[in-house]
Amino acid sequence: MIDFIGPSHKLILNKYCVVRPQYVLHTTSFTPQADHLNVVDFAAAWNVLSRLESRHMVIYNCGVEAGSSIGHKHLQVLPRPEKEEFELFPDALGIDDGSYHVHLRRDL
């Protein structure tokens with residue numbers, strides 16, 4: 001274990017990963033992986049991302065259909081690829097630099 005992230009999550013090193021280093025952020029009490037992410041999960045993920053020295057991203061495989069291999073709720077934290085290596089869709093849309101704006105229709 002690397003650290004407790006608040007009272008509800010724990011950060012561990014993923015020893016069985018393809019992309020290294022990779023961390024697993026999981027709940028300290030059992031919660032099914034198929035459950036939706038909640039505010040506490042997002043806060044724990046942001047806590048980890050803001051403390052890492054390099055750019056990382058968080059993914060959540062929510063259930064067997066999405067590729068989840070264990071039933072305990074967890075998020076994976078892995079290094080974010082450089083734009084030259086692989087362009088993530090937020091970068092392609094300009095979301096990363098704040099220039100992308102969503103316009104919602106009020107009549108829906």
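The sheet comes first. In this predicted model, five strands make up an open sheet, ordered E1-E2-E3-E5-E4, and their pairing is antiparallel. E1 and E4 occupy the edges; each has a single partner strand, so one side of each is left without a neighbour in the sheet. On average, and ignoring direction, neighbouring strands of this sheet are turned by 25° against each other. As a general reminder, strands of a sheet pair through backbone hydrogen bonds, in either a parallel or an antiparallel manner.

Let me take one pair of strands in detail. E2 and E3 are joined over 5 bridges in the antiparallel sense. Within this part of the sheet, Leu11 stands opposite Leu25, a residue of E3.

I turn now to the helix. H1 comprises residues 39-51, which is 13 residues. From its first C-alpha to its last, H1 reaches 18 Å, close to the 18 Å expected at 1.5 Å a residue. At the N-terminal end, H1 is capped by Asn38: a side-chain oxygen of Asn38 lies 3.0 Å from the backbone nitrogen of Val40.

Which residues of H1 are buried? They are Asp41, Ala44, Ala45 and Val48. These residues cover an arc of only 95° around the axis, which puts them on the same side of H1. The general background is that an α-helix has 3.6 residues a turn, so residues three or four places apart point the same way. On the face turned away from the buried side, H1 carries the exposed residues Val39, Phe42, Trp46 and Arg51.

How do helix and sheet meet? H1 lies across E1, E2, E3, E4 and E5, and runs at about 135° to E1. The packing against these strands involves the buried residues of H1, and the strands concerned are E1 at 3-5, E2 at 9-13, E3, E4 at 56-59 and E5 at 74-79.

I close with a single residue, Thr27, which belongs to strand E3, residues 23-27. Is Thr27 buried or exposed? Its relative accessible area is 5%, and because buried means under 20%, Thr27 counts as buried. A polar atom of the Thr27 side chain lies 2.8 Å from the backbone oxygen of Ser29. Setting aside neighbours within four places in sequence, Thr27 is in contact with Ser8, His9, Asp41, His72 and Lys73. Of these contacts, Asp41 has already appeared here as one of the buried residues of H1.

Definitions and conventions: Residues are numbered from 1 along each chain as its sequence is written. This is a predicted model: local features need pLDDT of at least 70, side-chain atom pairs count only at pLDDT 80 or more; totals for chains, interfaces and linings use all residues. Side-chain values use heavy atoms; hydrogens and water are left out. Helices (H or I, at least four residues) and strands (E, at least two) are DSSP runs, numbered from the N terminus. Buried means under 20% relative accessible area, exposed over 50%, partly exposed in between (1.4 Å probe, protein chains only). A polar contact is a pair of N or O atoms within 3.5 Å; within protein, one must be able to donate a hydrogen and the other to accept it, and residues adjacent in sequence count only if both atoms are side-chain atoms. Contact means heavy atoms within 4.5 Å. The expected span of a helix is 1.5 Å times one less than its number of residues. The arc is that of the directions from the helix axis to the C-beta atoms. Two strands pair if DSSP finds at least two bridges between them. Axes are lines fitted to C-alpha atoms, for helices over the stretch in contact, and angles run from 0 to 180 degrees between N-to-C directions.
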